[in-house]
Amino acid sequence: MREKMPKKKELYFGGYYSPLSDSDIEKIHNASMDVFENVGVKIAYAPVLELWRRAGAEIDRQTMIACMDRSTVTKCLGTAPHEIVLCGREPKYDIKLAGTQTHLGTGGTALNILDPYTHDRRSTTIRDVASAARVVDACENIDFFVIACFPTELDKSVVDINRFYAAIQNTSKHIMGGVYTKEGVRKIARVAELIAGSKDAFKSRPFLSMITSVMSPLLFDESYTELMETACNMGFPLATSTAPMAGTTAPVTLAGTLVQMNVEALSGIITTQLMDPGHPTLYSVVPTSTDLRTGTFCFGSVEMGMMNAAAAQIARYYKLPIYNTAGPTESKIPDSQSVYESTFSVILTALAGANYIHEAAGILESGLTISLNNYVINNEIIGMIKRVLKGIEVDEEKLALDCIKRVGPGGTYISDEHTTAFMRQELFYPDLADRKPRIVWETEGALSAEERANRIAIRYLESHQPQPVTPVIDHAIRSEFPEILAVTGVPISRAILGK
């Protein structure tokens, strides 16, 4: 395979696609305020219910429902930052979330993986967390790593620190993940402090962030909300994700789902601002739909893409950076269905200008399964989408009048200095797609895109060297937390993954 061309750091901006008019957004806002005032949210965690009461919410202690008038909602949102920077351990991976600036990465907490060596679907382990992070680290178009799978062999008490540290050891990109225990959150905070040098140093360059949840419809579950409180207190940037499903846990109409989604997302931000004014919290949404013929959850539906694009507009209405979703598919394997479902939702949300699009790579089977091959395929899709976001630049140099005059009628541009100057920045060069003549393709094995992706994924696993934590810090972390399994620093081989 040819050597990759060096790439300068590019910024990508959406905002070209607007499924909602300004009037539509105002209607959704006003309906959302009506829900805040007359329906409220149930907060099944007493300390947060008390925070809402002190902020001016009307509380029904018997039902634990809090209603808040629109002026109080506006006041509580007033401290939320309009711009958030999530850092990598290497500064080149820092991502700024604001306006229509767009970044795309992984997501999910899958319980299965399509093994890249055996091609069998099997349960995920802590080694798969490491392998997914390693492949993503090598995929240049994927901007961040949301920890993609759950180590099914581990006890819940040690899952958090093992998942995060396995990811840290295998990628320098920003890492986000869901959490399961308060003690796990505290341990990850300590690991972050050891790597950064101090708690303040980590807060100034947060290379880890966490996902907690607001349940649909309109519910702050006790355990998730306690985790939100703990993560907030430990200084982690937060996604307080909500996942309403049109037709089951939200109204079947897309507009109705967007209203409920908005109330839930704003409630998550309100809660963190009451805990810690100014805390970096994303407007965090995963609106999806249901196939009401079967009751099946649909993660790859066209409506999912439309709602997540609309959510980007709604978040900008409040000047809040957004974490939302695109890319999952109902397909069980990397195939044409996985490609068209993934591409459609990702391009809609990217063109809408969403800031932090997670699940844009690697996810199959409605989020139940990840595929390392699919990271490679989606990496190429994301690269093409970024080229679309870059747009067509029209300036004196790009109009190429001097070049056209120099080459003239009947000439050739391939050796002209203008071509040499702009070929790398103007054209997208795929790593996966085959552009060779058919005879060459046949000579090289007549491989399908899926087969080529598998070979690239295995090469990344066996050859890519991510930036590890320094040996001194690694020793300090493992000495303090002996429950961390000694798997993350070991090269991943055919023998290990083929078991």
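Eight strands form an open sheet with parallel pairing, in the order S6-S19-S18-S15-S13-S11-S10-S9, where two strands count as paired if DSSP finds at least two bridges between them. This is a predicted model, in which local features need pLDDT of at least 70 and side-chain atom pairs count only at pLDDT 80 or more, while totals for chains, interfaces and linings use all residues. Residues are numbered from 1 along each chain as its sequence is written, and side-chain values use heavy atoms, with hydrogens and water left out.

**The sheet**

- The edge strands, each pairing on one side only, are S6 and strand S9 (144-146); strands, like helices, are DSSP runs numbered from the N terminus (E, at least two residues, for strands; H or I, at least four, for helices).
- Strand S13 (residues 238-242) runs parallel to strand S15 (residues 281-284) and is joined to S15 by two bridges, and Ala239 has Leu282 in S15 as its bridge partner.
- Helix H9 (residues 254-275) packs on the sheet, touching strand S11 (208-214), S13 and S15, where contact means heavy atoms within 4.5 Å.

**Helix H11**

- The end C-alpha atoms of helix H11 (residues 336-352) are 24 Å apart, which agrees with the 24 Å expected for its 17 residues at 1.5 Å a residue, the expected span being 1.5 Å times one less than the number of residues.
- The buried residues of H11 (under 20% relative accessible area, 1.4 Å probe, protein chains only) include Ser338, Glu341 and Leu348.
- Those buried residues pack against several elements, among them strand S6 (103-104), helix H10 (302-317) and helix H12 (372-390).
- After H11 comes Gly353, whose phi is positive, near 90°.

How values were computed
Buried < 20%, exposed > 50% of the residue type's maximum accessible area, 1.4 Å probe, protein only. Axes fitted to C-alpha atoms, helices over the stretch in contact; angles between N-to-C directions.
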